[in-house]
Amino acid sequence: MSKYAMALDQGTTSSRCILFDRDGQICSQVQEEFEQIFPRPGWVEHDPEAIWRTTLRSMKGAMAQIGAGPDDIASIGITNQRETTILWDRETGRPVYNAIVWQCRRTAPMIDRLKEEGYTDYIRRITGLLPDAYFSGTKIKWILDNVTGVRQKAESGQILFGTVDSWLIWKLTGGRVHVTDYTNASRTMLFDIHKLCWDKRLLSILDIPEQILPQVKPSSYVYGFTDQEIAGGVIPIAGAAGDQQCALFGQCCFDPGSVKNTYGTGCFMLMNTGHHAVQSRNGLLTTIAASDSSDVEYALEGSVFVAGAAIQWLRDGLGVLENSAESEILARSAEDTAGAYVVPAFTGLGAPYWDQYARGLVVGITRGFNRAHLVRATLESLAYQTYDVLKAMERDADVTLSDLKVDGGACANDFLMQFQADILDRTVIRPACIETTALGAAYLGGLAVGFWKDRDEVRSKWNSSRLFDPAMDRAKREKLLKGWHKAVELSRGWAEE
Ligand code: ADP
């Protein structure tokens, strides 16, 4: 009998593999970072072969770590950085261009044109999204329009498009299966989230040939099996969902009204809205939630583009940190930010502002401002951005949340979590396993093959590890928030021509 459910967590900055046992405990884990490619300001790419290589190596590494063979693995669940767009040649298996990453702003002018032509309402109604360069649609069009010969090959059926889940399933099955799941499809800006099919009108508006698109399946479903030569055995690939939807599932937010916030490269708050697709009036997105049933469930989402990435910027861009964990020590060494704010709008602002042309700023600096203040202000910006999204979500869903479940790399930072509780004036709940994205993927795969019986079994394994209770007085909170909103206003529209 198989002992483990595997999660392949293909994130923005690293690929990793985690093997979970039946209790949802981590038995082994291997992670590998890969290169971020910034060809021009505002452009972000990855090498699809590096995505594949690091995924495969982490998969083999995690199995070797505990001497697990293919027969020990009940299922593979894939979770991935969403919207990132790859086009490849069906025959050679080679990508025709680098992956255009979700953060990439190169197609902002295409989006401006769509808005000018009056498509905003249509896109919203059909896809649940707001027109933005963030989603895959205009990225696909960019590759078709700009890489020589690709459009012609696409029209003759030689090119395949996929988000990272599709690319990995295609590679793992030795090129046999070209699919995606509902959650990933719902982030392309091409998918009708109500009728559950690709929307022909949007395909025609963006001039995308339908034959390049993958088949769309539920998130918990046996899509195919690993190729013997690649994995050394035949393992069912039985789960796939975008990273944020997996985190929602991994946090056991199965009931309508349950919410989680993930602090990874970006920050993403999702609320399960059950079978009802709630349309936002406050700058949130309507998206498909991961589900173990074939009945589709929906979520409301607030997407913040830069969160943990700002800590990476402090480390790699500015060299003011040795590692991300040091940010906590430095932030605590300063009493406050000396009145300064960082708005990390490096790739524009997402929810609830949706300003493609906002850019980052550090504002309110006086002579006493130092490295610790900078680090503290950057960490605080994650909490302020989360505040803005939570408020929008409460208005849309007409509820007041009493607490917030958190996960993702940066939620390990106790300073940040306490500041978050203070700014929200809500309790912040950190689960025992903060790898909820991978856990969600493992659950989706494991549920499809009967490794776990049902949601109730999965729910019985969820544990919180630490609660952060709010401890800031109202006057201070309001003063800080006022300064934040003033800083956000200053960042807006900066890169507009
Ligand atoms: P992703 O899946 O988007 O690649 P992860 O959930 O792995 O992201 O989180 C990694 C992010 O969290 C990085 O951007 C990193 O800078 C940030 N991070 C990790 N540890 C800490 C920490 N202790 N404090 C603040 N940020 C952190």
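Let me begin with the side chain of T85, which reaches the backbone oxygen of E83 at 2.8 Å. This is a predicted model, so please hear every value that follows as a computed one. T85 is found in the loop between β5, residues 73-80, and β6, residues 86-89, and with a relative accessible area of 0% T85 is buried.

From that loop I would like to move to the aromatic rings. A pair of aromatic rings is described by the distance of the centres and the angle of the planes. In this model the count comes to 21 aromatic pairs. One of them is formed by Y134 and F305, an edge-to-face pair with 4.9 Å from centre to centre and 70° between the planes. Where do Y134 and F305 lie along the chain? Y134 is in the loop between α3 (120-127) and α4 (136-146), while F305 is in the loop between β18 (297-304) and α11 (308-317), so this pair ties together parts that are 171 residues apart in sequence. Y134 is buried, with a relative accessible area of 0%, and F305 is buried as well, at 3%.

A second pair to look at is Y182 with F191, which is tilted, with 6.3 Å between the centres and 40° between the planes; both Y182 and F191 are buried. Coming back to Y134 and F305, you will find these two again in a cluster, where ring pairs link them with W102, F135, F268 and W354. The ring of F268, a member of that cluster, also has the charged end of R82 sitting over it, 5.2 Å from the ring centre. In a similar way, the charged end of R106 sits over the ring of W142, at 4.5 Å from its centre.

Next, please turn to helix α10, residues 243-250. Is this helix enclosed or exposed? Of its 8 residues, 8 are buried, so α10 is largely enclosed by the rest of the structure. The buried residues include D243 at the start of the list and G250 at its end, with Q244, Q245, C246, A247, L248 and F249 also among them. After α10 comes C252, whose phi is positive, near 60°.

That brings me to the empty spaces. Rolling a probe the size of a water molecule over the atoms shows where empty space is left. The largest pocket has a volume of about 920 Å³, and its lining is made up of 40 residues, with Y263, G264, T265, G409 and A410 lying nearest the centre. Several elements give two or more residues to this lining, among them the helix α10 that we have just discussed, the strands β2 (14-20) and β3 (26-33), and the helix α15 (436-448). Which element gives the largest share of the lining? That is α11, with 5 residues. By character, the lining of the largest pocket divides into 11 nonpolar, 20 polar and 9 charged residues.

Besides pockets, the structure holds 4 cavities of 30 Å³ or more. The largest cavity has a volume of about 80 Å³, and β18, α13 (371-397) and α17 (474-491) each supply at least two residues of its lining. Among the lining residues of this cavity are S303, V304, A351, P352, Y353, D388 and W484. In character, the lining of the largest cavity divides into 8 nonpolar residues, 3 polar and 1 charged.

Two of those lining residues, A351 and P352, deserve another look for their backbone. Most residues other than glycine have a negative phi, and most peptide bonds are trans. The peptide bond from A351 to P352, however, is cis, with omega near -10°, and P352 has its place in the loop between β19 (341-343) and β20 (361-363).

I will finish with two residues other than glycine whose phi is positive. For L196, phi is near 60°; L196 lies in the loop between β10 (191-192) and β11 (197-198), and with a relative accessible area of 28% L196 is partly exposed. For D398, phi is near 55°; D398 is found in the loop between α13 and β21 (403-407), and at 69% relative accessibility D398 counts as exposed.

Definitions and conventions:
Residues numbered from 1 in each chain as written. Heavy atoms only, no water. Phe/Tyr/Trp six-rings, centres within 6.5 Å; stacked < 30°, edge-to-face > 60°. Helix = DSSP H or I, 4+ residues; strand = E, 2+ residues; numbered from the N terminus. Buried < 20%, exposed > 50% of the residue type's maximum accessible area, 1.4 Å probe, protein only. Lys NZ or Arg CZ within 6 Å of the ring centre and 35° of its normal. 1 Å grid on protein atoms, 1.4 Å probe; cavity = no way out; pocket = protein on both sides within 12 Å on 5 of 7 lines; lining within 4 Å. Points joined across faces, edges and corners; volume = space filled by probe spheres on them. Nonpolar A, V, L, I, M, F, W, Y, C, P; charged D, E, K, R; others polar. Polar contact = N/O pair within 3.5 Å; in protein donor to acceptor, adjacent residues only side chain to side chain.
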